[in-house]
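User: I would like to go through this model and ask, for each label, what justifies it. Please set each value against its cut-off.

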Amino acid sequence: MQYVEYYQIGGFGAHLWDNSNEALAARLMGRDGAEFVLGIRPNGASALLLPSDLFLRLVKGRRPYKAPYLAEDFQSLSPVQFPTKLHLVEKLNMLASKKSKGTDVRDRSKANTAYTVGGDALSPAGVARSSFEHQRVFYMLCQNTIKRQFDYALCPAPWFHDVRIFSFAFNTWASDTRPLDEREAQPKILDVGWTEFNTPTDSSDLVAMSTSHYVVEEEKFLNNPGRRKLTLPNVSQNMPKAAISTILKNLFNPSHDGASDSSKILLVHDERATRCALRSFGVDTSQWKAGIKDLLYHHQDGRASRRDQYSDRKFDGRDHRLGKWKRDRSISPRMQTTSDPRRRSPPARQARPFVYLVDVRRMYHNMMEVPPRDDTVLSNALALSVRDTAPARGEDDLVIYEDIDPKNWCAGRESRLIGYMWEDMANGIAIDEQRALRIKFSKDLEEHVDCHDGALGATGPGDEVDPNDILQPCTSTAGRANAQRPIGMFDSESEDEEW
């Protein structure tokens, strides 16, 4: 991460507050709403932040006595927007901490108490929540909608724009009764599928370029009870496992020289199970990187270390940038000496990972705060209202969307759905706001269906509920200077073109 200082707005440990959250929100709202940096701490707690230059402009240069936070204090830094004062007040109320009891001083706000109860250290919740925000930042960088990368301490890897996006899916035999360790070591895989997508740009969203689907020849007579096997026209093939293994190793293992290989983001549904499946085909996943944090925050050789940047930060009344605060760290005499230029070794050069693995299933679970269960690609795609696109286009070259039947299975189609599920979440609003919006949308849909069912006597039993009659939730995209059309969470491509 780059060295950036942040001031916290509201909540536990804030630098800026007011007599009420309503007064604070009124002070912060602009004509087009309010935008902040959402910081996810190592334990998963969140905070609203402003970079120091924007904060000092807001408070007319009056730097608080409390030292600012640093980019390295957070696992992720991403845009979060509030279109109205009401939305911002609701967020500030969620971040308002209750009084601590005794010596247990910690953030007890509704938004964060579940994350701070275990302390400040890095936790699975911190990794998962920040990983979700990393996907959002990646998508916005691809679409060039982040105006000032410095505000988010971003330092994309030199190969950022060369990264290719793939998704991978597979189906196993559901009637396999062997012990778990045997099923993980040698899973009975019925089919595999993968899709390569065009990387999003400032003029297009994620688009499937090509899909491959292979049915394992040795297992072609096995079926999963209660489900129907599907094939993709002109795509699906039966092939021996050894031949599939060769294709997968050529695709996901780097070449011997590695000179011409592009890094890949591989979207999967259940990281652990996917690694087991690919290893059974001979694919080496041991050097793969979990998540894309290193792709966004690339280590720069020669950059001053955090200790270096702190060591000389003393109060100086002549320096308006430092104001009245200072940060000193206890440094041993050996480290304070400057006579030995070799006292610090240069940082190790960061190698380029060949595959960044992103677990879309985990993204969904952590966004919706639902526990892991026996879910599938299809069930989670249905929950997100994601649909696949038909292989052929309709009249006037319009995209045709196909509904999902959870009783079908086809790894080729499921690989496409994994990509669209990732896009639906990565191209949405911040994690907590997105969860609240999706829950509200589901409740509105249920109420609409209930009302429709109550009126069947008037409308007739054959009528169906049209989801288009229901108000769609909206998201706002960061970094666009001008007013823009409302972006529906489930908008279609044709609607984009009509705007």
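**Labels and their grounds**

Analyst: The accessible surface of the chain comes to about 26,200 Å², and carbon and sulfur atoms account for 51% of this. The model is a predicted one. Of the 499 residues in the chain, 46% are buried. The chain has 17 helices and 18 strands.

User: Why is Asn171 called buried?

Analyst: Its relative accessibility is 7%. Buried means under 20%, so Asn171 counts as buried. Asn171 belongs to strand β6, residues 164-172.

User: What makes the pairing of Asn171 with Asp191 a polar contact?

Analyst: The side chains of Asn171 and Asp191 are joined at 3.1 Å. The cut-off for a pair of N or O atoms is within 3.5 Å, and one atom must be able to donate a hydrogen and the other to accept it. The pair is therefore listed as a polar contact. A polar contact of 3.2 Å also joins the side chains of Asn171 and Glu414.

User: Which residues does Asn171 contact, leaving aside neighbours within four places in sequence?

Analyst: They are Lys188, Ile189, Leu190, Asp191, Arg227, Trp409, Cys410, Ala411 and Glu414. Contact here means heavy atoms within 4.5 Å. For Asn171 and Lys188, which are 17 residues apart along the chain, the C-alpha atoms are separated by 8.6 Å.

User: Is Asp151 buried or exposed?

Analyst: Asp151 has a relative accessible area of 8%. The limit for buried is under 20%, so Asp151 is buried. Asp151 sits in the loop between α5 and β6. The side chain of Asp151 makes a polar contact with that of Arg148 at 2.5 Å. Not counting residues up to four places away in sequence, Asp151 touches Tyr6, Val37, Pro51 and Leu54.

User: How many disulfides does a search of the whole structure find?

Analyst: It finds zero. To count, two cysteine sulfur atoms would have to lie within 2.5 Å. Cys142 is buried at 14% relative accessible area, and Cys155 is buried at 8%. Both labels follow because buried means under 20%.

User: What makes β4 and β5 edge strands?

Analyst: Each pairs on one side only. The open sheet has five strands in the order β4-β1-β3-β2-β5, with antiparallel pairing. The edge strands are β4 (69-70) and β5 (76-82).

User: How do you know that β2 and β5 pair?

Analyst: Strand β2 (residues 34-40) and β5 share seven bridges in the antiparallel sense. Two strands pair if at least two bridges are found between them, so β2 and β5 pair. In β5, Leu77 is the bridge partner of Gly39. Helix α3 (residues 85-95) lies across β2, β3 (46-51) and β5, at about 120 degrees to β3. Helix α5 (residues 124-142) lies across β2, β3 and β5, at about 70 degrees to β5.

User: Why is the pairing of β8 with β10 accepted?

Analyst: Four bridges join strand β8 (residues 207-216) to β10, and the two run parallel. The requirement is at least two bridges, so the strands pair. One of the bridges has Val216 with Met239 of β10 as its partner. Helix α14 (residues 411-426) packs on the sheet, touching β6, β7, β8, β11 and β13, and its direction makes about 130 degrees with that of β6.

How values were computed: Residues numbered from 1 in each chain as written. Predicted model: local features only at pLDDT ≥ 70, side-chain atom pairs only at ≥ 80, totals over all residues. Heavy atoms only, no water. Buried < 20%, exposed > 50% of the residue type's maximum accessible area, 1.4 Å probe, protein only. Axes fitted to C-alpha atoms, helices over the stretch in contact; angles between N-to-C directions. Areas by Shrake-Rupley, 256 points an atom, 1.4 Å probe, with all protein chains shown as cover.
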